[in-house]
Amino acid sequence: MLTRGVVRRVANAVTPLQLGWIGWVRKAHWLDDATFEISGWAFERGMNFAQYTPQIRVRLRSFGQPDIEAEVTRVDEPQANASVRDLELDYSAAGFVARFSLADAIRLAGSGRRSWRVVITVSCGNRSTTGTFVRRVRFASSEHLLARTFNGVQVLPQWAKGRGLSFAVSRPAALATDCTVEGRRVAAVLTLNGISFDHAELVSPQATVRMTGSAIEGGRVRVTGELPPIDPNGASSLLDPDEDEGIFSVDFGEKTEPVLTVRMFAVDTRGKRYPVASVLDQAKGSQNHLPLPYPGPDGTLRLRDTEAMVLVEGVDLEKGPKPRVRLRGRALGAPVDALKLTLAGPRARRKLTVTSTPDGGFEAVADWLGSQWGQPLSAPPLGQYTVRATNARGRFVRVAAAVGLIEDAPRIVDFDEQDFRCLLGLGGGRRLVLVIQPLVRPAELGPVKQMQLAQHYQRVGVPIIDQFYFEAFGGAAATCNPLALDREVARRFPNARRVWGVTNASVAVPEGATKVVRGTQAWWEARETSRRLIVNEWLTRPGMGKTTLGKRNFLRNPGQIVLQTWHGSMFKKIGLDRHTTDLVVRRELLAERANWSLLLSQNPHSSEIFRKAYDYSGPVWEEGYPRNDSLFTGDRAAMRRSLGIADDEIAVLYAPTWRENRTEMVMFLELERLMADLGPGYRLLLRGHSRTKKFGADVLLPGVLDVTSYPNIADLYLAADSLITDYSSVMFDFSVTGRPMMFYVPDIDEYRGELRGVYFDLEEAAPGPLLHTQEQVVAAVSSAAQDAPLYAQKYEQWRARFNPFDDGHSSERVIDRLLALD
C-alpha cells in the first residue's frame, strides 16, 4: 500500500495523470452571494466502499494561505460505476455535493491575481488519497463556468487539463458595470483599476471600432461606439476555435448566417490593450435586441452580433403518454414567424410548432414520439438533438441558451412509460443539447451491476420458459434473418411469446412482440430464460465490450437452443481467418461459438468458411437466408411508392461496407456531383453500414434518399433497379433479384491486402463491373441495363454458387427444423 502510494504521488507530481484516481465534476455553479456549489464523484480504484463508508473532504488551496473548507454532503452516485471497468467493486458511494464560500478569497484579493485550486481527499478505512477533478461531465454546467464580481473583485472559475477546477481571484484592470445597446450603438460604464485610460475599442473578426470616452463621477468612464453593418460575405466567429461561438452547429459555411463575437478592450496611453471584464455574469434576465451583450467564458464582456438569432430562456420536458419538449424564448432581429425551428438529431427530426406569447416571446413544442419509415410511433433514436432555426432564405441562424439555463445543466428526466431518458445540457457556444439515452436504472448501471445481474440469471437451475428471443446486430434493429423468422413464427403461432432485445426504446419491433432494452433486468431475464434464441451476431454484454478478460459474454443455460443465423455470406475474411485475430480475440471467439446450438448458412461456400473460421463442428443448416424470402413475395411497386420513388425513376442502391480504420460511412463518391452527372430520372438510395449508423447524420441532397436508418435492407433490394457496393455481403443477397450490380472498389488493393483479406478473387467472379473512379461509376450506372447481357453468364454462375437455396421458403424450412428439435 505504501509503495503504491509513493509511486502514485511521484507520478502525479511530474505528469498531469493521476494514476488510479477517479475525479469527475458534474455541476459547478454559483448559488446566492459568494457561495459556489460543486457536485461529482471521486475515489481511488480499489477502495472497498461495501466495507467502509467513504469520508470526503473538499478544499480550496492557494499557496501561502489557509485552506478554505467546503461543506460536503455525500450522496449515492450510480454514474460513478460507469466510469470504470471494475467488475467487483461498487463505487456509487463516492458521490458528493460540496458548497464553499469564497468570501475569504475575495477579502484577500489585492491588485494581483491569486489562484485557488479544488482539492479532494477521500478516506476509506485506513486508506486515504488526495486528488483533483480529472474530467468533466459532458454538456454540464461544469463546461460553462461563469465568473462573478464582488465590489470590483472578479472570481473566475477555470478548468485546466491535468489541474482540474480552480478559481482565479483578481481586480480587473477594466470592469464594465453597465452595458446598453440601442440600435447598433453600444455604451458601457467602465471602472478602471490602475491604468492610464486613453480609449476603448470594439473588436470583431470583421472590424475594429474606436469608442469615444468621457469621465463620470467615481473615477469611472462612459464609452460609446457604433458597430458597422455586418458583411454577409465577411469573416464569422463560428469557425474560430478560440471563440465561444465555435462549433455551435454542424452546419457551417454558406448555409449559416455570419455570427460575430465582439469583444471590448480598454487601451491605455501607451497603447496596451486590456480586455474589459463584465458583471453580466450575475444577470439572469434576457435582453430582447441585437447585438446581445453577454458574459464570455473568461469573464469578459462580449456582444453577439448577427442578423437574427433565437434565445432559449426555458425548457420543460413533459412526461406522460404523449411526452413533449417545450421551449420558451425570444427571436431577436426577426419576427418568430419568419423562422422555422426544428429539433434535429443525427438520424431523426422533430418538428417544433411555434406560437407567439403576449410578452413578445415565443413557445415551441415538439412531440418526442415519432414514426420512421411508416413504422409505429416510438421513442426518439439515441443521440444528440439540437434546436436549429432557419430564416426565409433557408440559412441557419444562431440558437443559444440564456445564461439562466447554465446552472440547471445537466437536467435528467426519465420517461418511464416509453423507456428512454433525456439529458438536457449545453454544448459549445451555449447551444441547447438534448441527449436521448437508454433508460437504465441505478441497479443496472455500470459493469459491477451488470455482473451482478449476469450472476443472478446464470445461476444453476434458472427456469427456462417457452419463449422466442430475437436479436439482430446486437439489438440495433429488428431486422435481417431474425425478423424473417419472427414473422414466420407469428404467422403460424399468433399466441407465441416473442421478445426482442434492443439497444434502446426507439427500435421498432414486429407487431405482437415485446421489446426489452439492452442491459436492463428484463433484458437479462429474457436472454437467460427463453427456450429459443435466434440471433445474427455475438451475444455481447453491455458496457463491457467483447473483451471481458475470459468471462463469456453469454452462457447458454441447459434447455436453451441458440440459432446463430449470421448476417451474410463471406467475401471478406472473418473470425480466425483474419490476420488481426490475436490470442485474446481467439479465446473470446471460441467462447462465443460454444454458445451456438445451430448455425444457419446461406450456401456451401459459407458453411465451409464457418467451420474453419470459427473452428466449428456443430450442426450447420444450409437453407438459404430467410431475410431474402420477401424478394419473392414482396410488393415491389408498393415498396417503391412508400419510399417516394416515381414509376419513371431509376433507383440505384449504394451500399458500401464498413472499414476497420474508420468509424464513419465510407464515402468515396461525391454524391452531389454524381447526381448532377447522372441527370434527371435517377434516385440514389444511400445505405450506410449498420456499424456506421450512429456516426454522422443523414445526407440531405437533391435526388438522394438516405436510407441508413431504414430497418430492413431487403425492402431496399426489392425497390432498387441496380446496386453499387464494394465488399459488402449485400452482393450475395441482391443477386437473388437478378438485377445489375456494380462494384466500386477504389481501395481494393489495400482492403484485400492490409485491411481485411478476402476469400476469392472478386474481379474473376463478380457478376458486374469493378469500378475505380467516379467517372466509371457514372458510365456504368447509365448503361447498366444495356450492359447486363455482358455479365449474364457470370451472374448465372454466381447465383448457382451463392443462392442455391434462396427460393422464398427459407423461413418455413428453418422453423420446421427448429420446432422438430422439441
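Here is a short chat about a sheet, its helices and a few loop residues in this predicted model.

Reader: Why is Phe139 called buried?
Author: Buried means under 20% relative accessible area. Phe139 comes in at 7%, so the label fits. You'll find Phe139 in the loop between strand 9 and strand 10.

Reader: What makes the phi of Phe139 worth a mention?
Author: That phi is near 70°, a positive value, and Phe139 is a residue other than glycine.

Reader: And how do you know whether Arg430 is buried or exposed?
Author: Set it against the cut-offs: buried is under 20%, exposed is over 50%. Arg430 has a relative accessible area of 8%, so it counts as buried. Arg430 lies in the loop between strand 32 and strand 33, and its phi is positive too, about 60°.

Reader: How do you know that strand 34 and strand 35 pair?
Author: A pair needs at least two bridges. Strand 34 and strand 35 have three, in the parallel sense, so they qualify. Look at Phe468, for instance: its bridge partner in strand 35 is Arg498.

Reader: What makes strand 36 and strand 40 edge strands?
Author: The open sheet runs in the order 36-35-34-37-38-39-40. Strand 36 and strand 40 each have a single partner strand, so one side of each is left without a neighbour in the sheet. From one strand to the next, the twist averages 25°.

Reader: Why say that helix 4 touches strand 35?
Author: Contact means heavy atoms within 4.5 Å. Helix 4 packs on the sheet and touches several strands, including strand 35, and its direction makes about 160° with that of strand 35.

Notes. Residues numbered from 1 in each chain as written. Predicted model: local features only at pLDDT ≥ 70, side-chain atom pairs only at ≥ 80, totals over all residues. Heavy atoms only, no water. Helix = DSSP H or I, 4+ residues; strand = E, 2+ residues; numbered from the N terminus. Axes fitted to C-alpha atoms, helices over the stretch in contact; angles between N-to-C directions. Buried < 20%, exposed > 50% of the residue type's maximum accessible area, 1.4 Å probe, protein only.
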